[in-house]
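Work through the exercises below with the sequence and the model side by side. Try each task before reading its solution.

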Amino acid sequence: MGVNLSKGGRISLNKEAPGLKKVLIGLGWDTNTSDTGVEFDLDASVFLLNEQNKVQSDRDFVFYNNLTSSDGSVNHTGDNRTGEGDGDDESIKVDLNKISSYIKDISIVVTIHDAVARRQNFGMVRNAFIRLVNDETGKEIARFDLEEDFSTETALLFGRLYFKDNEWKFNAVGTGYKEGLEGFCKLYGLSI
């Protein structure tokens with residue numbers, strides 16, 4: 001079992017998984033029974049950011065309509081529209097050796113599709129987590145369970161991989177936002 005992180009916790013991938021080349025980022029959640037009359041659809045997205053904390057091109061925004069980053073280093077395995085069952089609901093694969101040198105941060109975001117119209121928020125979601133797994137060995141490196149109540153937020157920054165001091169590290173963030181995916185796109189320099 002890997003390191004259990006709390007909000008704000010950080011690890012060095014070099015220290016926790018020496019020689020790591022391929023990372024599977026597993027994301028999971030369960031939804032409460034909704035009285036809004038509409039099913040939940042949570043979506044994982046990844047923003048590959050440069051030193052200015054911006055995406056360099058639209059292809060550095062990986063989500064259900066763009067499954068692979070411009071350099072081929074990040075692959076979204078596809079949209080799970082129900083979130084049913086145990087384990088990872090959506091997964092992102094990262095090949096650390098393929099990441100372009102201008103990428104300094106890989107932010108992993110989960111949003112509720114059409115949250116405002118559906119009257120849904122992350123207060124209706126439970127058991128949310130992000131975990132890092134060595135994709136070659138299957139060994140879990142780290143896990144962060146988001147236990148906070150996000151009763152008004154429609155988007156969450158689960159965590160981020162970032163390059164600092166010549167190595168990749170992971171930060172368990174767990175910060176909620178009310179502006180949904182559109183807010184993240186604006187924050188990271190995408191026009192929608």
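**Exercise 1. Backbone outliers**

Task: Classify Asn53 as buried, partly exposed or exposed.

Solution. Asn53 has a relative accessible area of 38%, so Asn53 is partly exposed. The cut-offs are under 20% for buried and over 50% for exposed, with partly exposed in between (1.4 Å probe, protein chains only). Next, place the residue: Asn53 sits in the loop between β4 and β5. Strands here are DSSP runs (E, at least two residues) and helices are DSSP runs (H or I, at least four), numbered from the N terminus. Now check the backbone. Asn53 has a phi near 65°, a positive value in a residue other than glycine. Most residues other than glycine have a negative phi. Asn127 also has a positive phi, near 55°. Asn127 belongs to strand β9.

Before going on, note the ground rules. The model is predicted: local features need pLDDT of at least 70, side-chain atom pairs count only at pLDDT 80 or more, and totals for chains, interfaces and linings use all residues. Residues are numbered from 1 along each chain as its sequence is written, and side-chain values use heavy atoms, with hydrogens and water left out.

**Exercise 2. The sheet**

Task: Give the strand order of the open sheet of 6 strands, and name its edges.

Solution. Apply the pairing rule: two strands pair if DSSP finds at least two bridges between them. The order is β2-β12-β11-β8-β4-β5, with antiparallel pairing. β2 (10–12) and β5 (61–62) are the edge strands, each pairing on one side only. Then zoom in on one pair. Strands β4 (residues 42–49) and β8 (residues 105–112) run antiparallel and are joined by 8 bridges. To fix the register, use Asp43, which stands opposite Thr111 in β8.

**Exercise 3. The nonpolar cores**

Task: Find which residues touch the most other members of the largest nonpolar core.

Solution. A nonpolar core is a set of buried Ala, Val, Leu, Ile, Met, Phe, Trp, Tyr and Cys residues joined through side-chain atoms within 4.5 Å. The largest has 43 residues; Leu13, Ile25, Leu27, Val94, Ile106, Leu161 and Phe170 touch the most other members. Elements giving two or more residues to this core include β3 (22–31), β7 (90–95), β10 (140–146) and β12 (167–177). A second, separate core has 13 residues, among them Val109, Ala155, Val173 and Tyr188.

Now take Val94. Leave aside neighbours within four places in sequence. Val94 is then in contact (heavy atoms within 4.5 Å) with residues including Val23, Ile25, Ile99, Ile106 and Leu161. Its contacts also include Lys21, Lys22 and Ser73.

**Exercise 4. Salt bridges**

Task: State how many salt bridges the whole structure holds, then trace what they link.

Solution. Count a side-chain nitrogen of Lys or Arg within 4 Å of a carboxyl oxygen of Asp or Glu. The search finds 8.

- Asp88 pairs with Arg131, with the closest N and O atoms 2.8 Å apart. Asp88 lies in the loop between β6 (74–76) and β7, and Arg131 in strand β9, so this pair ties together parts 43 residues apart in sequence.
- Asp135 bridges to Lys93 at 3.3 Å between the closest N and O atoms. Asp135 is in the loop between β9 and β10 and Lys93 in strand β7, so the tie spans 42 residues in sequence.
- Lys186 bridges to Glu182 at 3.2 Å between the closest N and O atoms. Both lie in helix α3 (residues 180–187), 4 residues apart, so about one helical turn separates them. Lys186 is exposed at 55% relative accessibility, while Glu182 is partly exposed at 42%.

Finish with the network: salt bridges that share partners join Asp88, Arg131 and Glu140.
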